[in-house]
Amino acid sequence: MTNNDIFRRIRYTFDLKDSTIVDIFTLAEVSVAQEQVTAWLKKDEDDAFVTMKNRELAAFLNGFISFKRGKREGPQPAPETQLNNNMVFQKLRIALNLKADDILAIFELAGFRISNHELSAFFRKPSHKNYRECKDQVLRNFLLGVQRQLRPSSNDSDSDSEA
């Protein structure tokens, strides 16, 4: 999944307006223009499409954590320059304040089965012997499950056209 795919799916799932997204970046102490947000949301084939960099997605996710849970005291974490699916998954877990059982239930909504042991492996340090890389399919199913939880009446094909 590209950063733009992840960004579009989160925007659709949480029904975020462009102005709200600008505010979320502000919570992460990063300034973006509404035009920039619009360009990230364009379809890949569109001439006005702009690829979202890792640092920009990380800043959005950091701001999203503050948006959902409240801004933490002290300096805000700097956005990472390298980002992988495990980090995205972890940031979404923190933002939504999810426990393992909550995440397993979300996967069930997407029709995706995963064990508690497999799940915990995604949140380990990469140097840990039981660390497991979070593949696109896992992250995609997690985002789909969250979408089904928050927007149960929406048709999944709608999200593909939006996301």
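Buried means under 20% relative accessible area, exposed means over 50%, and partly exposed lies in between (1.4 Å probe, protein chains only). Helices are DSSP runs of H or I with at least four residues, strands are E runs of at least two, and both are numbered from the N terminus. The model is predicted, so local features need pLDDT of at least 70 and side-chain atom pairs count only at pLDDT 80 or more, while totals for chains, interfaces and linings use all residues. Residues are numbered from 1 along each chain as its sequence is written, and side-chain values use heavy atoms, with hydrogens and water left out.

**Exercise 1. Work out how far helix 1 is enclosed by the rest of the structure.**

Step 1. Go through helix 1, residues 3-13, and pick out its buried residues: Asn3, Asn4, Asp5, Ile6, Phe7, Arg8, Arg9, Ile10, Tyr12 and Thr13.

Step 2. That is 10 of the 11 residues of helix 1, so this helix is largely enclosed by the rest of the structure.

Step 3. Now look at the segment before helix 1, where Thr2 lies. Thr2 has 38% relative accessibility and therefore counts as partly exposed. Its C-alpha atom is 9.2 Å from that of Asp136, although 134 residues separate the two along the chain.

**Exercise 2. Describe how helix 4 packs against helix 1 and against helix 5.**

Step 1. Choose the two values: packed helices are described by the angle between their axes and the distance between the axes. Axes here are lines fitted to C-alpha atoms, for helices over the stretch in contact, with angles from 0 to 180 degrees between N-to-C directions.

Step 2. Helix 1 and helix 4 (residues 54-69) have axes 10 Å apart, at an angle of about 25°. Helix 1 is therefore roughly parallel to helix 4 (under 35 degrees; over 145 is roughly antiparallel, 65 to 115 roughly perpendicular and the rest oblique). Their crossing is left-handed, a term used if the near helix is turned anticlockwise from the far one by less than a right angle, with clockwise giving right-handed.

Step 3. List the residues in contact (heavy atoms within 4.5 Å). Helix 1 brings Asn3, Ile6, Phe7 and Ile10, and helix 4 brings Asn54, Leu57, Phe60, Leu61 and Phe64.

Step 4. Turn to helix 5, whose axis comes within 8 Å of that of helix 4 and crosses it at roughly 15°. This makes helix 4 roughly parallel to helix 5, and the crossing is again left-handed. On the helix 4 side the contact includes Leu57, Leu61, Phe64 and Ile65, and on the helix 5 side Val88, Lys91, Leu92, Ile94 and Ala95.

**Exercise 3. Which orientation do helix 6 and helix 8 take relative to each other?**

Step 1. Their axes cross at roughly 90° and come within 7 Å.

Step 2. Helix 6 and helix 8 are therefore roughly perpendicular to each other.

Step 3. Helix 6 makes the contact through Ile103, Ile106, Phe107 and Leu109, while the helix 8 residues include Val138, Phe142, Val146 and Gln149.

**Exercise 4. Classify the ring pair of Phe89 and Phe107, then find charges over rings.**

Step 1. Rings of Phe, Tyr and Trp (its six-membered ring) pair if their centres lie within 6.5 Å; planes under 30 degrees apart are stacked, over 60 edge-to-face and the rest tilted. The count comes to 13 aromatic pairs.

Step 2. The planes of Phe89 and Phe107 stand at 85° with centres 6.1 Å apart, so this pair is edge-to-face. It joins helix 5 (residues 85-95) to helix 6 (residues 100-109), across 18 residues. Both Phe89 and Phe107 are buried.

Step 3. Ring pairs also link Phe7, Phe14, Phe25, Trp40, Phe60, Phe64 and Phe67 into a cluster.

Step 4. Check for charges over rings (NZ of Lys or CZ of Arg within 6 Å of the ring centre and within 35 degrees of the ring normal). Arg93 has its charged end over Phe123, 4.3 Å from the ring centre. Arg151 lies over the face of Tyr12, at 4.1 Å.

**Exercise 5. Are Asp15 and Glu29 buried, partly exposed or exposed?**

Step 1. Place them: Asp15 is in the loop between helix 1 and helix 2, and Glu29 in the loop between helix 2 and helix 3.

Step 2. Asp15, at 46% relative accessibility, counts as partly exposed. Glu29, at 55%, counts as exposed.

Step 3. Finish with the backbone: phi is positive at Asp15, near 50°, and at Glu29, about 60°, although Glu29 is not a glycine.
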